[in-house]
Amino acid sequence: MATTVVESKEWYMAAYAPEGVPTSDHLKLRSVTLSLAGDSIPDGHAIVQTLFISVDPYQRTRMTGMQDGLYFSQFNLDEVITAFSIGRVIQSKDNNYKEGDIVLNPFSPIADYCVVPSELLIRKIDPTSGVPLPDYLSSLGVPGFAAWVGIEVLGEPKAGSNVFVSAAAGAVGMYAGQLAKLKCCRVVGSTGSDEKVKLIKDDFGYDDAFNYKKETDLDAALSKYFPDGIDIYFDNVGGEMLEAVLNHINKHARIPICGMISQYKKKWTDRDGVRNLLNMVGKEIKMEGFLVGSYLDRFGDFAKEMESYIKEGKISSKYTIYHGIESYLESLGSLFTSTNIGKVVIEFKS
């Protein structure tokens, strides 16, 4: 290798952001000198060059400095932050990996290059398989798996079920709706723009959709789109939408709670309360929060099913792709402004 030392840029946590969207006061970019020489890394490690980074709402919850909500550990101050990534092995001191291997790392530093324990590399990716690399961070990654767990495992869809998906054009929502349609359900989604309403109907096969920002009365909107009530609500947003749904839920309905993005920017004392939880008793509703890490024993079933759907052209994906490590702060902020479509990823300069 001609180059043995590089300047690697990385994002680190300079200060916690208890509320709002993190800014350059909280997240900062710095350069560190990194040796790419094989004898500079410990046994059982690899040097990986980042190709793609996944940008996800849960990352925001690790930047508050408080343990609540999703209960993910907080990023340490002055340390590099992490995310799911796809990278290329540059050097390896593990016989299972060699130079040029494309790998998936769920705990990758958001950096141009990194030295990581090879045990963190959860799989190799065949770049000649015909599957676009970002799909391994999307349809075949955590968003697709989260949608599958919520719909297939917890939602228990039946043909003809009325399914409602919030944040339906987001990284998880776009797959939740498509999976429900493949189970012959009637599916309606809510999104934050007219463009996204058209997208999920035309590209993802939703039966109907509405722009929640244009609805002054969510109860009236749900009465219009669900005259026969809701059997499954795949919740990505929480807050006012969850409260409205509980007024339209059918008996023995299921509510898989994947996330509550409308509440992530607020301190827990300022978050919206749900006033009609008593409906869960009268309607005998099953509401269940979940983290995909608790269902890893089902990942093989998911991957087999999803790969089959993809090959048959039954699942579509959309991406908002940012370019270069410098765009991380902007891309993170986009998750909370409804400006992105589908899965948000950063493509690094290779």
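The following legends describe close-up views of a predicted model.

**View 1. Helix α3 and its surroundings in the predicted model****.** Helix α3 spans residues 173-182. Of its 10 residues, 8 are buried, so α3 is largely enclosed by the rest of the structure. The buried positions are G173, M174, Y175, A176, G177, Q178, L179 and A180. The elements that cover them include the helices α2 and α8 together with β8, β9, β11 (230-234) and β15 (343-347). Just after the helix, C184 takes a positive phi of about 65°.

**View 2. Surroundings of Q178 in helix α3****.** Q178 has a relative accessibility of 4% and counts as buried. Its side chain reaches the backbone nitrogen of S316 at a distance of 2.7 Å. When neighbours within four places in sequence are left aside, the residues in contact with Q178 are F204, K314, I315 and S316. S316 thus appears both as a contact residue of Q178 and as the residue whose backbone nitrogen the Q178 side chain reaches.

**View 3. Packing of helix α2 with helix α8****.** Helix α2 comprises residues 142-155 and helix α8 residues 299-311. The two helices pack at an angle of about 105°, and their axes lie 10 Å apart. Since angles of 65 to 115 degrees count as roughly perpendicular, α2 and α8 are therefore roughly perpendicular to each other. From α2, the residues G144, F145, W148 and E152 take part in the contact. They meet F299, D301, F302, E305, M306 and Y309 of α8. By class, the residues of this contact divide into 6 nonpolar, 1 polar and 3 charged.

**View 4. Helix α5 with its buried residues and N-terminal cap****.** In helix α5, which covers residues 218-225, L218, A221, L222 and Y225 are buried. Viewed down the axis of α5, these buried residues fall within an arc of 95°, so they line one face of the helix. What covers them includes the strands β8 (162-165), β9 (186-191) and β10 (208-211), as well as helix α6 (239-245). The N-terminal end of α5 is capped by D217. A side-chain oxygen of this residue lies 3.0 Å from the backbone nitrogen of D219.

**View 5. C184 in the loop between α3 and β9****.** Although C184 is not a glycine, it has a positive phi of about 65°. C184 has a relative accessible area of 54% and is exposed.

**View 6. H252 in strand β12****.** Strand β12 runs over residues 249-257 and contains H252. H252 has a positive phi of about 65° although it is not a glycine. With a relative accessibility of 45%, H252 counts as partly exposed.

**View 7. G192 in the loop between β9 and α4****.** G192 lies in the loop that joins β9 to α4, the latter formed by residues 194-202. The relative accessibility of G192 is 13%, and the residue counts as buried. Apart from neighbours within four places in sequence, G192 is in contact with N211, Y212, K213 and S338. From G192 to V153, the separation is 39 residues in sequence and 27 Å in space, C-alpha to C-alpha.

Definitions and conventions: Residues are numbered from 1 along each chain as its sequence is written. This is a predicted model: local features need pLDDT of at least 70, side-chain atom pairs count only at pLDDT 80 or more; totals for chains, interfaces and linings use all residues. Side-chain values use heavy atoms; hydrogens and water are left out. Buried means under 20% relative accessible area, exposed over 50%, partly exposed in between (1.4 Å probe, protein chains only). Helices (H or I, at least four residues) and strands (E, at least two) are DSSP runs, numbered from the N terminus. The arc is that of the directions from the helix axis to the C-beta atoms. Contact means heavy atoms within 4.5 Å. A polar contact is a pair of N or O atoms within 3.5 Å; within protein, one must be able to donate a hydrogen and the other to accept it, and residues adjacent in sequence count only if both atoms are side-chain atoms. Axes are lines fitted to C-alpha atoms, for helices over the stretch in contact, and angles run from 0 to 180 degrees between N-to-C directions. Angles under 35 degrees count as roughly parallel, over 145 as roughly antiparallel, 65 to 115 as roughly perpendicular and the rest as oblique. Ala, Val, Leu, Ile, Met, Phe, Trp, Tyr, Cys and Pro count as nonpolar, Asp, Glu, Lys and Arg as charged, and the others, Gly among them, as polar.
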